[in-house]
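Reader: I've never looked at this one before. Could you walk me through its pockets and the way some of its helices meet?

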Amino acid sequence: MSAIKTGGQERSNRGIKVAGAPISWGVCEVPGWGHQLHRDRVLAEMRGAGLSATELGPDGFLPADPAELTAVLDAQGLSCVGGFVPVVLHDASHDPADDLAGPVASLRAAGAGVVVLAAATGADGYDSRPVLDDDQWATLLANLDRLSDLAAAAGLLAVLHPHVGTMVETRSDVDRVLAGSAIPLCLDTGHLLIGGTDPLELAKSVPHRVKHTHLKDVDAALAARVQSGELTYTDAVRAGMYTPLGTGDIDIAGIVSVLRNNGFDGWFVMEQDTILDGEPTDEGPVRDVRTSVAYLKSVTA
């Protein structure tokens, strides 16, 4: 693994679209992940940090009823850009279209544009994953294109999120998807680095395949301990592997610049995966969110 800050790329003058995500407040779909803050606090702090849009977060964080969902978002002055949807794609006996129906309905109700798919293992958490055979890979790739078509029919863009502890984690996994499927990517800078992919190099090599981003900064030393098996992914998150933008080892400014200069017009979603032990007694996670917002503004001014 390399610390890939390089800087110096030319910037375009186009404005960018920036959103937040509940995981920056420790809100996560993994059972036992940590203390889950109430949505009212998260959304109010998101808006107070200068963000005007969010991803949906895990099932149950926001209302499933379309009218209630839009009312909750409107009350905080937030729009919805998309949602993270982990689905099992490699099992020929399982139809992932059934798993997509509910999230698609919620996203359409919220006026969102993006379904962020992840190739789930079928188990809880992201600390381990099985190895797929060629038949399972063929099923996964076919399902990616099928779900992409289903999302498009509903007026949404499906993207694949390479993610630690899923079936698309490593650089070879990413390359297999790029070669075997037409689905665009969600460029998650943190998960790519931890999985062994330089996110700046990927952005340079296939900018046309990147349609959505999750911006994370990473402590590369902790990420290396995950790669070596010394730490589980969850323990590394708890230890602070994800840092505010501009304070870790990823060249966030370079990645943003490369994408903008190649015509990227999607969302930059700021994510700093966090695990909370309890209700914060101080400012809590919003302090780091404000740091990230300020950094992103400074590199896109």
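Author: Sure, we'll go through the open spaces, then an enclosed one, then two helix pairs. Keep in mind that this is a predicted model.

Reader: How much space lies in the largest pocket, and which residues lie nearest its centre?

Author: The volume comes to about 890 Å³ for the largest pocket. A total of 48 residues line that space. Those lying nearest its centre are Glu 29, Pro 58, Asp 59, Phe 84 and Pro 86.

Reader: Which element gives the largest share of the lining of the largest pocket?

Author: Two elements to look at here are helix H3 (97-109) and strand S3 (79-88), since each supplies at least two residues of that lining. With six residues, the largest share comes from S3.

Reader: How do the lining residues of the largest pocket divide into nonpolar, polar and charged?

Author: Take the charged group to begin with: there are nine of those in the lining. The polar residues number 14. That leaves the nonpolar group, which counts 25.

Reader: What about the second largest pocket: how much space lies there, and which residues are closest to its centre?

Author: The second largest pocket holds about 230 Å³. It is lined by 16 residues, which divide into six nonpolar, seven polar and three charged. The ones closest to the centre of the second largest pocket are Asp 127, Val 164, Glu 169, Val 226 and Gln 227.

Reader: How many cavities of 30 Å³ or more are there, and what is the volume of the largest cavity?

Author: A cavity has to reach 30 Å³ to be counted here, and the count comes to one. The largest cavity has a volume of about 60 Å³.

Reader: What lines the largest cavity, and which helix gives the largest share?

Author: There are 13 lining residues, and Ser 24, Met 270, Glu 271, Val 289 and Ser 292 are the closest to the centre of the cavity. By type, the lining splits into seven nonpolar, four polar and two charged. The largest share, three residues, is supplied by H11.

Reader: How do the axes of H10 and H11 cross, and what is H10 to H11 in those terms?

Author: The axes of helix H10 (residues 252-261) and helix H11 (residues 286-300) come within 10 Å and cross at roughly 50 degrees. An angle between 35 and 65 degrees is neither roughly parallel nor roughly perpendicular. Therefore H10 is oblique to H11.

Reader: Which residues make the contact between H10 and H11, and how many of them are nonpolar?

Author: On the H10 side there are Ile 252, Ala 253, Val 256 and Arg 260, and H11 brings Tyr 295, Leu 296, Val 299 and Thr 300. One residue of this contact is polar and one is charged. The nonpolar ones number six.

Reader: At what angle do helix H4 and helix H5 cross, and what is the handedness of the crossing?

Author: Helix H4 (residues 134-153) and helix H5 (residues 171-180) have axes that come within 10 Å and cross at roughly 55 degrees. That makes H4 oblique to H5. As for handedness, the crossing of H4 past H5 is right-handed.

Reader: Which residues meet where H4 and H5 touch, and how many are charged?

Author: From H4 come Asp 134, Trp 137, Leu 141, Leu 144 and Asp 145, while H5 offers Asp 173, Arg 176, Val 177 and Gly 180. Four of the contact residues are nonpolar and one is polar. The charged ones number four.

Definitions and conventions
Residues numbered from 1 in each chain as written. Predicted model: local features only at pLDDT ≥ 70, side-chain atom pairs only at ≥ 80, totals over all residues. Heavy atoms only, no water. Axes fitted to C-alpha atoms, helices over the stretch in contact; angles between N-to-C directions. Helix = DSSP H or I, 4+ residues; strand = E, 2+ residues; numbered from the N terminus. Parallel < 35°, antiparallel > 145°, perpendicular 65-115°, else oblique. Contact = heavy atoms within 4.5 Å. Nonpolar A, V, L, I, M, F, W, Y, C, P; charged D, E, K, R; others polar. 1 Å grid on protein atoms, 1.4 Å probe; cavity = no way out; pocket = protein on both sides within 12 Å on 5 of 7 lines; lining within 4 Å. Points joined across faces, edges and corners; volume = space filled by probe spheres on them. Left-handed = near helix turned anticlockwise from the far one by under 90°.
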